[in-house]
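Reader: I have the sequence and the model open. Walk me through the reasoning behind the labels, please.

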Amino acid sequence: MIPVVKTIDEVRQYVKLWRKEGKTVGLVPTMGYLHEGHKSLIERAVKENDCVVVSDFVNPTQFGPNEDFETYPRDIQADAVLCEAAGAKLIFNPEPSEMYHDALTTVSVDKITKVLCGKTRPTHFNGVCTVVSKLFNIVMPDKAYFGQKDAQQLCVVKKMVKDLNFDIEIVGCPIIREADGLAKSSRNTYLSAEERKAALCLSRSLKLGRSMIESGETNAAKITQAMKADINKEPLARIDYVEIVNIETLEPAVDASGHILAAMAVYIGKTRLIDNFMID
Ligand code: AMP
């Protein structure tokens with residue numbers, strides 16, 4: 001069975017051994033409760049690297065005070081089964097105390113963390129950038145894998161790696177969906193049966209936006225308006241944001257014809273779901 005280690009030292013011992021053997025190393029950072037979306041990242045990493053480390057850590061610093069850190073689902077046994085099946089070599093599953101004691105240092109990326117999800121989650125990306133930097137320094141991978149599901153996170157991590165000269169290739173991987181279109185997410189487990197149906201309004205409105213673009217509409221405001229109207233037909237949904245932005249700068253796009261990210265966050269009951277599509 002795949003080893004599950006709790007300490008930074010143990011991870012470093014494994015990686016040191018692999019490096020001595022001349023092996024390449026891939027990293028897939030996750031918060032656990034793994035599903036097919038995570039699995040696709042791990043499988044891609046296994047294809048492209050000799051040894052793959054999956055970090056499985058519900059990172060407290062990326063949750064706001066009124067968010068779901070305590071209740072976030074956890075199941076390390078099931079995660080180990082999935083990682084093993086996907087071909088990973090090691091799981092790093094630290095306690096918060098292993099990752100943080102009396103730390104005075106954080107990593108923050110300006111500007112692109114203040115928009116989209118950053119508006120309602122003002123401390124979220126500081127937590128993400130800090131933990132991802134730490135994981136990069138602990139594992140020192142050649143490549144690290146992130147899902148396009150968290151498009152802003154991918155954009156922020158890419159910028160951080162460029163700005164801080166991490167010698168790591170960031171690989172973005174496509175969104176994996178349920179058969180009916182809902183993007184897979186560990187948070188989908190919060191949804192009641194009725195909410196699960198209502199949650200389809202996210203992917204449905206993205207489909208609408210994409211088809212408007214494909215049939216020649218370039219006015220971003222017109223497209224987001226139509227997408228919002230579509231979501232608002234669903235009584236259990238409450239929009240946080242629906243925006244079309246430049247794929248790199250995350251600045252609002254006027255023209256939706258290319259190099260854009262159409263992103264949304266929508267509450268279904270108490271659960272906040274995100275989804276997006278990109279046209280590059
Ligand atoms: P999380 O455990 O939610 O922090 O996600 C860990 C990584 O898996 C992130 O890079 C996510 O973008 C990625 N991920 C989560 N859900 C999906 C999905 N449905 N499809 C592709 N990647 C995903």
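Reader: What makes α6 mostly covered?

Author: The count does. This is a predicted model, and in it 13 of the 16 residues of α6 are buried. Buried means under 20% relative accessible area.

Reader: How do you know that the length of α6 agrees with the expected span?

Author: Take 1.5 Å a residue. The 16 residues of α6 should then span 22 Å. The C-alpha atoms at the ends of α6 are 22 Å apart, so the two values agree.

Reader: What happens to the backbone just after α6?

Author: Met140 takes a positive phi there, about 45°. Met140 is not a glycine. Its place is the loop between α6 and β5.

Reader: Why is Met140 called exposed?

Author: The cut-off for exposed is over 50%. Met140 has a relative accessible area of 56%, so Met140 is exposed.

Reader: Which helix gives the largest nonpolar core its largest share, and how many residues does the core have?

Author: The largest nonpolar core has 48 residues. Phe92, Phe136 and Ile170 have the most contacts inside this core. Helix α6, residues 124-139, supplies the largest share, 9 residues. Another core lies apart from it, with 26 residues. Among them are Ala198, Met227, Ile244 and Phe277.

Reader: Why might one look for such cores at all?

Author: In soluble globular proteins, nonpolar side chains tend to be buried together.

Reader: What does Phe92 touch?

Author: Leave out residues up to four places away in sequence. Phe92 then touches a list that includes Val5, Ile8, Val11, Val53 and Val54. Met99, Leu135 and Ile138 are also among the contacts of Phe92. So are polar names such as Thr7, Ser55 and Asp56.

Reader: How do you know that helix α9 has the span expected of it?

Author: The same kind of check applies. At 1.5 Å a residue, the 15 residues of α9 should span 21 Å. The end C-alpha atoms of α9 are 21 Å apart, so this agrees.

Reader: Which residues of α9 are buried, and what covers them?

Author: The buried residues are Cys201, Leu202, Ser203, Ser205, Leu206, Gly209, Met212 and Ile213. Their cover includes α8, α10, β7, β8 and β9. Just after α9, Gly216 takes a positive phi of about 105°.

Reader: Why is Ala199 called buried?

Author: Ala199 has 0% relative accessibility, and buried means under 20%, so Ala199 counts as buried. Ala199 lies in the loop between α8 and α9. Its contacts, beyond four places in sequence, are Leu182, Leu191, Ile268 and Leu273.

Reader: How far apart are Ala199 and Ile168?

Author: They are 31 residues apart in sequence. In space the distance is 35 Å, C-alpha to C-alpha.

Reader: Why is Thr30 called buried, and where does Thr30 lie?

Author: Thr30 lies in strand β2. Its relative accessibility is 9%, under the 20% cut-off, so Thr30 counts as buried. The side chain of Thr30 reaches the backbone nitrogen of Gly32 at 3.0 Å. Thr30 also touches His38, Val54, Ser55, Asp56 and Phe57.

Reader: Why is Tyr33 called partly exposed?

Author: Partly exposed is what lies between buried, under 20%, and exposed, over 50%. Tyr33 has 30% relative accessibility, so Tyr33 counts as partly exposed. Tyr33 sits in the loop between β2 and α2. Its phi is positive, about 55°, although Tyr33 is not a glycine.

Reader: What makes the contacts of Met31, Gly147 and Asp150 with the ligand polar contacts?

Author: The cut-off is a pair of N or O atoms within 3.5 Å. A polar backbone atom of Met31 is 2.9 Å from a ligand oxygen. A backbone N or O atom of Gly147 also lies 2.9 Å from an oxygen atom of the ligand. For Asp150, a side-chain N or O atom is 2.6 Å from a ligand oxygen. Each distance falls within 3.5 Å, so each is a polar contact.

Reader: How much of the ligand does the protein cover?

Author: The protein covers 93% of the 490 Å² of accessible area that the ligand has on its own.

Reader: Which residues come nearest to the ligand, and which elements supply the shell?

Author: There are 17 residues around the ligand. His38, Gly147, Asp150, Ile176 and Lys184 come nearest. β2, α2 and β5 each supply at least two residues of the shell. The largest share, 3 residues, comes from α2.

Terms used: Residues numbered from 1 in each chain as written. Predicted model: local features only at pLDDT ≥ 70, side-chain atom pairs only at ≥ 80, totals over all residues. Heavy atoms only, no water. Helix = DSSP H or I, 4+ residues; strand = E, 2+ residues; numbered from the N terminus. Expected span 1.5 Å × (residues − 1). Buried < 20%, exposed > 50% of the residue type's maximum accessible area, 1.4 Å probe, protein only. Contact = heavy atoms within 4.5 Å. Core = buried A, V, L, I, M, F, W, Y, C linked by side-chain atoms within 4.5 Å. Near = heavy atom within 4 Å. Polar contact = N/O pair within 3.5 Å; in protein donor to acceptor, adjacent residues only side chain to side chain. Areas by Shrake-Rupley, 256 points an atom, 1.4 Å probe, with all protein chains shown as cover.
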